[in-house]
Structure formats: C-alpha cells, structure tokens
Amino acid sequence: MTEVELYTVYKGVYMPTLLHPPESLKFYEEFCFRPDDVLIVTYPKSGTTWMQDVAPLIQSGGDLVPIETVPNWDRVPWLEEHRAHQLNLEQRPSPRLFATHFHYDMMPPSYFSVKPKVIYVMRNPKDVFTSSFHYYGMASFLVNPGTQSDFLHKFLEGKVMFGSWFDHIRGWLGTREKERILYISYEEMIADLTASITKMAQFMDKALHPEVVEKIAESCVFHNMKRNKMSNYSTVPTEFMDQSKSSFFRKGISGDWKNQLTVSESEYFDSVYKDKMKDVKYNFAWD
Ligand code: A3P
C-alpha cells in the first residue's frame, strides 16, 4: 500500500493513520501537561522502547512490577497514539511518564506554557535507518520499504513516518528551555547503561542506591527486555507486526549500519548529513 493509503500528513509529517486517527491528534493538541511530567522524546527507532522500561524502573525505585504487568504502550504511553485518550491520563498520579515522536515545532500549546521535563534520546541516524528498514518490512501499518536504495532516499528526504530525522534533531537541539531537557544517546546507553541510568535518575529527582541502579540496568539489558512479553510486542497480532520477518528486538547494538549500507550508500549518507547538520554545534556520540 502507498503513503496516501496508509499515512496522514499532520503538521507537515507523515504519520501512520492506523495508530494516529484524527481524534488522537485532537486529544494531544488539547492535552494539559503538568510541570513534573517526564516526556521521553525520540525519533522512531532511537531507543524509545528501551526508555519505556528504564524510566518506569527509575520511578519505581527498581520495583519490577510496572514492567512485568503493564505493556509498554500503557506504561509510558505515546501521547499521539490512539491508546492515549482511552487511558484516563488526567487521573494518573504525578510524576507521569509519557512518550512522543513529535518534532519540537509540532508540540501542543500546553507543552510550551507548562514546560514539562524532557528526556531526548538520539541515535546514530545510520543505525536509525538500518533499524527502520527492517521495521518497515514487518509492520503492516507502514509503507513497505522497497529496495534499500529506495528506502535510503525516502529516509534522507524525510518521506517516512515522523518526517526527517535531521529536522527532528535540529528542532529539539535548538530549544530555549534547555534546563528542562536531558539529552542522551542510544550509544551512551550501550556503552555504559549504569552511568546513563544514574544520569536519568538525577534528572528525574530520584535518589537511587547504586545497587538499585545495577538492578535496573540488569533488567534493561537487551536479552532481558527481549524476553519480557510486556515489552517485546509479542502480544501484537501478526497481521500488524510480523516478527517472523524481523524481531522488534532485532540486534540492539550500535554500528549495525556497517553490515547494512554499501560503501557508496554510506558516502551518500555522509554527504547529506554534512550538509543538513553543518550549522549544528553538538558533540554527537557517533561523530
Ligand atoms: P535494532 O533494530 O537496531 O535492533 P524504538 O524502540 O525507538 O522503536 O527503537 C528500537 C530499537 O531499539 C531496535 O534497534 C531495538 O532492538 C533497540 N532496543 C530496544 N531495547 C533495547 C535494549 N534494551 N538494548 C539495546 N537496544 C534496544
């Protein structure tokens, strides 16, 4: 099926219509944040699911009940998804945890007046591309990626769900309310999950004993999360996500793009990256 059949254009970007019907987008537009809400913001395939385990465990002080009993999409709901308006989020106690893939300039009015906390997770775009390529091949609500070369062009031009990776990063790095945002990368989490959890806990004003941090890190390593049916999407019907084509928990490493991109694709990626990011001053973990 085509983009016209499967996607809605909302605030200039493609969004899969099945997951984001008009009433969900209206709900988010009118949503009221609280100052102590913590919002996990990511471009898709950058480590959202990982954070949907890490953040609740920080909040619960290492109690595993939230990740063992509640599916990730209800535990840390995406505010733009169809589930959000069915979950009575107004009744949830503070601090609430949410996720969003929205670009900065797509955020609803309440975000700008209330300024909740944001954890912005970034990942090497070549690995985001690689992960996306496999994901688009197994999720029926996304347009089939076609050939790798076709998909590379679509990805670099932002003709994919949630638009351009470059615009997403540039928008969220360019905000004024930096003291309310923790920037963290997938690569940092891979390199030292314990240190990353400690950093996030400080940002969330949660004092954790080092043993608790270790316990959280252990339950959030790739192979443990992959086993947890409340996190691994195994309860999603195959007609929506066919994990026999590609597992949602696919590889969970950094640098897999080296196994995916040809030399010329990688060089082309670099040239687009260099151009689009030329005025962005940030020390990315992958540079
Ligand atoms: P790969 O496809 O490269 O394996 P998102 O949740 O934003 O959609 O991102 C999905 C990517 O994060 C997938 O990458 C998935 O395997 C990876 N991921 C999820 N949990 C992880 C974990 N605990 N450790 C490392 N990578 C993880």
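Mentor: A polar contact is a pair of N or O atoms within 3.5 Å, and we shall apply that cut-off to the ligand of this predicted model.

Trainee: What makes the approach of Thr49 to an oxygen atom of the ligand a polar contact?

Mentor: A polar side-chain atom of Thr49 lies 2.5 Å from an oxygen atom of the ligand, and because the cut-off is 3.5 Å, the pair counts as a polar contact. The side chain of Arg250 has an N or O atom 2.8 Å from a ligand oxygen, whereas in Gly252 a backbone N or O atom lies 2.8 Å from an oxygen atom of the ligand. The protein covers 97% of the 570 Å² of accessible area that the ligand has on its own.

Trainee: Which of the 18 residues around the ligand come nearest?

Mentor: Those are Thr48, Thr49, Ser131, Tyr186 and Lys251. Of these, Ser131 lies in helix H7, and, leaving aside its neighbours within four places in sequence, Ser131 is in contact with Lys45, Arg123 and Arg250.

Trainee: Why does Ser131 count as buried?

Mentor: Its relative accessibility is 11%, and because buried means under 20%, Ser131 falls in that class.

Trainee: How do you know that Asp270 and Lys126 meet in a salt bridge?

Mentor: Their side chains come to 2.8 Å, N to O, and because the limit between a Lys or Arg side-chain nitrogen and an Asp or Glu carboxyl oxygen is 4 Å, the pair qualifies. Asp270 lies in helix H14 (residues 263–276) and Lys126 in helix H7 (residues 125–138), so the salt bridge ties together parts that are 144 residues apart in sequence.

Trainee: What makes Asp270 partly exposed, and why does Lys126 count as buried?

Mentor: Asp270 has a relative accessible area of 38%, which lies between the limits of 20% and 50%, so Asp270 is partly exposed. Lys126, at 7% relative accessibility, is under 20% and therefore buried.

Trainee: Why is the link between Asp275 and Lys278 called a salt bridge?

Mentor: The closest N and O atoms are 3.1 Å apart, and because that is within 4 Å, the name applies. Here Asp275, at 46% relative accessibility, counts as partly exposed, while Lys278, at 63%, is over 50% and therefore exposed.

Trainee: How many salt bridges does the structure hold?

Mentor: There are 14 salt bridges. Among the residues involved, Arg250, Lys251 and Asp256 are linked in a network of salt bridges, and two of these residues have already appeared in connection with the ligand, Arg250 through its side chain and Lys251 among the nearest residues.

Methods: Residues are numbered from 1 along each chain as its sequence is written. This is a predicted model: local features need pLDDT of at least 70, side-chain atom pairs count only at pLDDT 80 or more; totals for chains, interfaces and linings use all residues. Side-chain values use heavy atoms; hydrogens and water are left out. Helices (H or I, at least four residues) and strands (E, at least two) are DSSP runs, numbered from the N terminus. Buried means under 20% relative accessible area, exposed over 50%, partly exposed in between (1.4 Å probe, protein chains only). Contact means heavy atoms within 4.5 Å. A residue is near a molecule or strand if one of its heavy atoms lies within 4 Å of it. A polar contact is a pair of N or O atoms within 3.5 Å; within protein, one must be able to donate a hydrogen and the other to accept it, and residues adjacent in sequence count only if both atoms are side-chain atoms. Accessible areas come from the Shrake-Rupley method with a 1.4 Å probe; for residues, only the protein chains shown count as cover.
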